[in-house]
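Got your viewer open? Keep the selection box handy, and let's take a walk through this chain one stop at a time.

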Amino acid sequence: MGRFTASKYRNATPKKLKRENTLYSIRINDLSTGVPVACGPENIAWAGEGSGVCVAGINDIGTAYPQVFHGQFVKSLEFNPFNKDILTTSSGDGSIKLWNVSRSSAVATLTSSNNVTMTSYNPVAGNVLGAANLTTVDVYDVEKEKHAISFSCPSTVLDWSFDGKLACVGSKAGGISIVDLRADKIVSTVNMFDNNKEVHVQWVGINKLIVGGYRDRTRVVQTFQLNNLSSPVSSTSLGQGSGNPLWCYDQDTAMMWVYTKGGHSIRYFELEEDGSVKENLSEGLDEPIKGICLAPKTALDVMSGEVNRLIIAHATSIRPTPYIVPRKSYAEFHDDLFPETRGSAPGIRAESWLKGEDGYRELISLNPVSRRPKTESCTETVENTVVEDEAVEEIPENEKHVAIVNHLSEGHSPYKNILGEVSHKSLNFYGLKNIQTVFGQETNGFHTGSLFGADLMVGSGGRLGIFDLQAPGQNNTPQLEIVNGGTPLALEWDPFDGHVLAVGGDDAAVKLWRVKDMQEEAELIVNFTGHKTKVIAIKYHPCVAGILVSCDSNGVVLMWDTNNTTLVKEIYESPECTAICWSVICGYTLFLLNKSGNITSVNTRTGKAVHVTTGQEYRSARMEASKNLLVISGIGSGNSRTLTLLKLPKPGEETPPQLLQTLSLGSGTALYTLSLDVNLNVAFLAARGESTILPFEFREEAPFHIIPLTAFSTNTNQYAISAAPAASCDVMKLEIAKFYKLTRDSVYFIVFSVPRVRREYFQDDL
């Protein structure tokens, strides 16, 4: 007889999906310990650019991926097995955050005294979360948002036993420890590898382990019986290299996929009862692998013979790969391929588990016709009736169980799945020469009007480059050069006269230039010299032609009559002012934001401050107002970036703006510039040196004030973006915004639209 028994999964083969089922043009960060991708029943999450975490629907992976953020780089991410909407992430800042992905907002934050390298939910007890943080293993009660257990043990990786009673931790020293966290003791420990390389470990059932590491500089994945950790049952060599050996293992089917981080192949095995393995298939890939995770069983297309689905992350793409067992017909459910699997109901409450009680998860059938729950069998004696009562017990409303709240329907936005698209090359501008890409946070170095665009150029004398927006598609786009004198710090085209450009510079002057066409030199109309220090911001009046305000670094705000080229008056002085904007509903209120976070509302007719609102401190910020809302994008201490929304008072009311919500945008060295559509209350944020544009919708009504929309990424970094006039959008094509994106030597025309099936009808909800 052969060594192995025949398996119904040995002929399972990967199926390559169509391009629309694969996510492209993204950026995925490496994680030092875990894998940068996680999958829940309805969503896929991955570690994105900087400290961002992106989320996409599992069935519409090519469209929606709003972002959530940490303070530092993400270390691990995992979906709560008992709540499909809760994503748990950890970071190098010592925090663990729980996000409701249907709202794209943080619902709870847990703190740790050290760098959290990995988190892992207990597979049986609801909302019990373990965390490895180098020197200790911490256990949290997520329901009550409290730290429950701290166990001193070197740990970088963590996994729970199948019954949720014990945990296994691995350290960089090559050691493996089996620990009983509730009893505060080590059950057994062994030094698997004599080196300082990272060790990975996973439980198989309740009596076997899969361990990966380095032995004699060779990467190996080994299986062990729990009662004999000194001698492996099987050992699979992955050759020499720097990429860590990793794997995905399915407890229901015993299917296992082994790969190395940075490698180009996936080896498919099956694990036998005694721990031995047999290899069935090896698949080669075109791109290096960043990480792989398994989709939950409830997300599989069982009526097509899909027994597992790998979510494969590469540097710039995510590729779902179903494994299909071939059968003559899929008209009926093949119950021999799909054993009952664990459902989403916990076997025991966190409070009871922490007291020492044990529970058992219910099993469910994957048959779409009959999803009958069945109690998991076990040889040990338990009081099933008590466990079941606890599992279904309702949680009192007065308790803070934010981690198990679902607000999907309340947070819906018609713009949620907004699509960004780079236009055809005939609408872009290529070959721009000598673009200045290095400038300060407060500098607005790129602006487009209705006729021309302006950008900073390298060289002395405050050089500006002007290009014609009506002549795209050229390989070497001509630019008209303007020598401004002082270094330009703020640019803005006149919204009522597309030939006039206002420039504020470090020479304390505001200059107006007239650009007739690309053949004639620009004409200096006027040089306003009322400021004493550098001019950091200028704004045209949104409703009245010929009115311009400017603000210098001392916070002195002046109003100019550009038609008569005269100074109207000094409006106000706000020390350390960093941003200004007009009220678009009344036209006589100007909002000033200083670095201390104070927002001053000034009546420009009287020059008096109507009210002052105190906020957070900023190093630099951008501010825009719509009819009823005020939006601030700022960067503060520790390079923390935030998005703040305030409600404006009605005209005539003497009340200050009311804070609605502040959303963390993670950390980064560049400020997110802000472009707000005052009619849609939709803003687009972009940071210099990054490749992603983040759209958000703002609402006055509770509970969702800031709603992240689908982010847009390209392969090229931007240095600035500038909005095209809203009137240029084709509403019958459902276009809601158009932007010009400045790169090192090109300007790309980007169109944002809302996907709808019947575009021939006017969409009045948009």
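Where is Gly40 found? Select Gly40 and you land in the loop between β2 (37-39) and β3 (43-47); strands here are DSSP runs of E with at least two residues, helices are runs of H or I with at least four, and both are numbered from the N terminus.

Before going on, a word on what you're looking at: this is a predicted model, where local features need pLDDT of at least 70 and side-chain atom pairs count only at pLDDT 80 or more, while totals for chains, interfaces and linings use all residues. Residues are numbered from 1 along each chain as its sequence is written, and side-chain values use heavy atoms, with hydrogens and water left out.

Stay on Gly40. With a relative accessible area of 1%, Gly40 is buried (buried means under 20% relative accessible area, exposed over 50%, partly exposed in between, using a 1.4 Å probe and protein chains only). Now add Ile58, Phe79 and Pro296 to your selection: Gly40 touches these, leaving aside residues up to four places away in sequence. A contact means heavy atoms within 4.5 Å. Show Ala295 too: it sits 255 residues from Gly40 along the chain, yet their C-alpha atoms are separated by 6.6 Å.

Next, select residues 128-132, which is strand β11. Five of its five residues are buried, so β11 is largely enclosed by the rest of the structure. Look at one side for Val128, Gly130 and Ala132, and at the other for Leu129 and Ala131.

Which way do the neighbours of β11 run? Add β10 (residues 118-121): it pairs with β11 in the antiparallel sense over four bridges, where pairing takes at least two DSSP bridges between two strands. Click Tyr121 and its bridge partner Leu129 in β11. Six residues lie between β10 and β11 in this hairpin, and Asn127 in the turn has a positive phi of about 60°. Then add β12 (residues 134-141), which is antiparallel to β11 and joined to it by five bridges. Gly130 stands opposite Val139 there, and the hairpin from β11 to β12 goes through one residue.

Two loops to finish. Select Ser317, between β27 (306-313) and β28 (318-324): at 2% relative accessibility, it counts as buried. Its contacts include Leu23, Tyr24 and Glu287. Then jump to Arg217, between β19 (208-215) and β20 (218-225). Buried or exposed? Arg217 counts as exposed, at 69% relative accessibility.
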